[in-house]
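Welcome to a short guided tour. Open your viewer, show the chain as a cartoon, and follow the stops below.

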Amino acid sequence: MKLYIPTTSLNFNNILSTESISPRAFYSQRGFGYSRWFTIPENEIEGAILLYESPYKIVRPISDMEDHPLWIEIDTNNDYPMLKSGIRYSQRTIYLNPWHTKFYFQTDKDKTVALSLSDSSLETKLIRLYSRKIYVKEFSDTFPSLDFTPNIPVDFSGIKEDIRLNKIKGLLYGYYIGANFSSSLEDVKTLNTLREILNIFAATISSQERVPTTSQMTRLNELFGVLRQNEPLYNELLRELGSAE
């Protein structure tokens, strides 16, 4: 299922720095990444992200800032709850990856400006992974009206899960950096194993049930078997997973 998240290019670096989108309230409380999130009228609920089943034309007011329309398309199996026909929502962070995510700007100029600002941002580390997933597309239909103000509370347990996943990513990325200084076959194999583990962790935490599926658990056991059990990183990951219980 494809779902679409409307936002502004002011959040582009924020999204890429963590490969995620969170409810607005999360940013000021989780203690990592950007602490500010810019809302637009079509997606301004404090405790949730709105996901539209179809994209529409975003209109942004004239501003001194480089504020341009931006759509994020996600391809997901999650059955997000329905707010009204055609509009769903998530109270948890949505984690992105280059295989199931696309970015849409509405003009070539908007895309060029956003990418130029990303080039100057030291925090946007993963822009190259998504460079082939960034498109320009015009939209014409207008947004459906909500006709009411949703009362969706902030899910503070989701903030704790984000902090836990950020610690795991820190461990893995630190290992990536060290492994990238070497090009041995064994290091490459370990690096690929760790990347797949991280992807499964992110998919699990962002799922509705927030527990691994049977197939994910089987694959995790296989991947951990690849890592030597006396490896310090392996033990740190086990401790971090244990703290989730």
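Helices here are DSSP runs of H or I with at least four residues, numbered from the N terminus. Keep in mind that you are looking at a predicted model.

**Stop 1: helix α1**

Select residues 12–18, which form helix α1, and pick out S17 within that helix. Is S17 buried or exposed? S17 is buried: its relative accessible area is 11%, and the cut-off for buried is under 20%. Now show the side chain of S17 and look for the backbone oxygen of N14, which this side chain reaches at 2.8 Å.

**Stop 2: strands β3 and β6**

Next, select residues 49–52, strand β3. Turn on the side chains: I49 and L51 point one way, while L50 and Y52 point the other way. Whichever way they point, all four of these residues are buried.

Add residues 87–90, strand β6, to your selection. How do β3 and β6 pair? They run in the antiparallel sense, with 4 bridges. To see one of the partnerships, highlight I49 together with S90, its bridge partner in β6.

**Stop 3: helix α7**

Finally, select residues 214–226, the 13 residues of helix α7. From first C-alpha to last, α7 reaches 19 Å, close to the 18 Å expected at 1.5 Å a residue.

Colour the buried residues of α7, which are Q216, L220, L223 and F224. Why are they on the same side of α7? They cover an arc of only 95° around the axis, so they share that side. An α-helix has 3.6 residues a turn, so residues three or four places apart point the same way.

Then rotate to the other side of α7, where T214, S215 and G225 are exposed.

Technical notes
Residues are numbered from 1 along each chain as its sequence is written. This is a predicted model: local features need pLDDT of at least 70, side-chain atom pairs count only at pLDDT 80 or more; totals for chains, interfaces and linings use all residues. Side-chain values use heavy atoms; hydrogens and water are left out. Helices (H or I, at least four residues) and strands (E, at least two) are DSSP runs, numbered from the N terminus. The expected span of a helix is 1.5 Å times one less than its number of residues. Buried means under 20% relative accessible area, exposed over 50%, partly exposed in between (1.4 Å probe, protein chains only). The arc is that of the directions from the helix axis to the C-beta atoms. A polar contact is a pair of N or O atoms within 3.5 Å; within protein, one must be able to donate a hydrogen and the other to accept it, and residues adjacent in sequence count only if both atoms are side-chain atoms. Two strands pair if DSSP finds at least two bridges between them.
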